[in-house]
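Work through the following exercises with the structure open beside you. Each task is followed by a solution that goes step by step.

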Amino acid sequence: MIAVRSHIAELSAEQRTLLLDRRPTDDAGVRDRVRALLADVRDRGDDALLEMASTLDRVELASLEVPRERCEAALTTLPTPLCAALEHAVHNISVFHRAQLPAELSIEVEPGVRLGRRFGPLAVAGVYAPGGRAAYPSSVLMGVVPARVAGVPEVVVCSPPNETGEPPAAILAAAALAGATRVFALGGAGAVGAMAYGTPSVPRCDAVVGPGNRWVLEAKRQVAGDVRIDSPAGPSELLVLSDGSADPELVAAELIAQAEHDPDAAVVLLTTEAVELDSVAAALARQVAGAPRRDVVGAALSGRGALLLADDLEEALAFTNACAPEHVLVVMRDPAGIAARVRTAGTVFVGPSSSVAFGDYLTGANHVLPTGGAARSFAGLSALDFLRSWSYQEVTPSAARALAKDAALLADAEGLPGHAAAARLRARSGSTPAAPGVATRPKDNR
């Protein structure tokens, strides 16, 4: 049932590659097909999208856009407890992401030279919400709420239609609750292309975020030069960092919870206690046998599941940081101190009561996170992804005179005489030179 069971030092080259190189396969067929789909959207706009819905989603759409009234109506049909749970999530996501908003900066780097940085929201943000095997209203919240917190005035949601010609009711309800301004029944690479390039119906977005399948991931890669995207987000990943002090049933339940996302999910127990390998393996066997999604869980465990042993904490931390997984759950003694030493992960859960499932839905941290080792370079989705910043620079006349000599020297060294001349003009005594043709007021010596 488990793909790899080994001491870290005894992993074969193939096993290390399986566990550490989790980047999606560069499938030329997928790459070329996505390129063609994106080009079709750019060339034919709505007509291409309607055709994709017919051929790929097997549904004939009367309209690409779902009326706002349908989203509001979907919200009223949700069971009250589910609606309350979504509202709970919206509250916590809002609180945490609002706290991330940066303060404007203003600093005098030397006398008379003041620099600053200001922030402002993007004009239009696009959020992709996956469909297919299941509907994920939580992904709608994780994309839309941070955008609204950042002040984005228009937030577009795209999600694949079901047989009714619309995304599932839970998706529509979440969009209404989170504050999405427009919703489209669009999925796959076509949806990404529509948001990135715009069509007569779909507004062109300044950012496209959200998880999806390999077609969505590849489409986001290809439009990244034209629009801002978030981090690469593929199949779910979890590494449990343990020392044998946690309940093996709890550890097994966490591994299963992430494995049930996708047959390609990667789940690992890394422990410093050999006996825990046996206890967790036994707990996994018991729990998988009764799991409703045992086929998916079994495929994930046999594909990229691992029970690993480390000699000590240092070896375990070195492997964890090399792995750079989406989620790390620390269930060792002194979990906070050890969690602080995990440097490359999408997010770190501290202590046995901090279930990864809580982060998937309710804590308020974002569950759109880098996978495939991308946590070495990327962070999870945040309010910052929906802001742009710009700097300003103000130099007083006296500071200009102080800067002029060195600026001119550097410009001369780079062979840019116009730059040097502009700098030297400021070296003159008195005020900054007036513009040509503008008379300066003579001194009044009365």
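Two strands count as paired if DSSP finds at least two bridges between them. The model used throughout is a predicted one.

**Exercise 1.** Determine which residue stands opposite Cys158 in strand 7, and follow how the chain gets there from strand 6.

*Solution.* Begin with the pairing itself: strand 6 and strand 7 (residues 182-185) run parallel and are joined by four bridges. Within this pair, Cys158 has Phe184 of strand 7 opposite to it. Next trace the connection, in which the chain leaves strand 6, passes through helix 7 and arrives at strand 7, making a right-handed β-α-β crossover. Then turn to strand 5, which is parallel to strand 6 and joined to it by five bridges, with Ala125 having Val155 in strand 6 as its bridge partner. Finally, consider the surroundings of strand 6, where five of the six residues are buried.

**Exercise 2.** Decide whether helix 6 is mostly covered or mostly open, and find what lies against it.

*Solution.* First take its extent: helix 6 comprises residues 137-149, and its span of 18 Å from first to last C-alpha is close to the 18 Å expected at 1.5 Å a residue. Taking buried to mean under 20% relative accessible area, twelve of the 13 residues are buried, and the helix is therefore mostly covered. The cover over these buried residues includes helix 5 (80-98), strand 5 (124-128), strand 6 (154-159), helix 7 (169-178) and helix 15 (356-361). One of the buried residues is Val140, which touches Ala129, Val145, Val157, Ile171, Ala174 and Ala175 when residues up to four places away in sequence are left out. Just beyond the helix, Gly151 adopts a positive phi of about 95°.

**Exercise 3.** Work out which strands stand at the edges of the open sheet with the order 3-4-15, and what packs on this sheet.

*Solution.* Start from the order 3-4-15, in which three strands pair in antiparallel fashion. Strand 3 (105-110) and strand 15 (387-395) each have a single partner strand, so one side of each lacks a neighbour in the sheet, and these two are the edges. From one strand to the next the twist averages 20°. Strand 4 (residues 113-121) is joined to strand 15 by nine bridges, and Arg114 has Glu394 as its bridge partner in strand 15. Lastly, helix 16 (residues 397-413) packs on the sheet and touches strand 3, strand 4 and strand 15, its direction making about 90° with that of strand 15.

Note on methods:
Residues numbered from 1 in each chain as written. Predicted model: local features only at pLDDT ≥ 70, side-chain atom pairs only at ≥ 80, totals over all residues. Heavy atoms only, no water. Expected span 1.5 Å × (residues − 1). Buried < 20%, exposed > 50% of the residue type's maximum accessible area, 1.4 Å probe, protein only. Contact = heavy atoms within 4.5 Å. Axes fitted to C-alpha atoms, helices over the stretch in contact; angles between N-to-C directions. Right-handed = clockwise from strand over helix to strand, strands pointing away.
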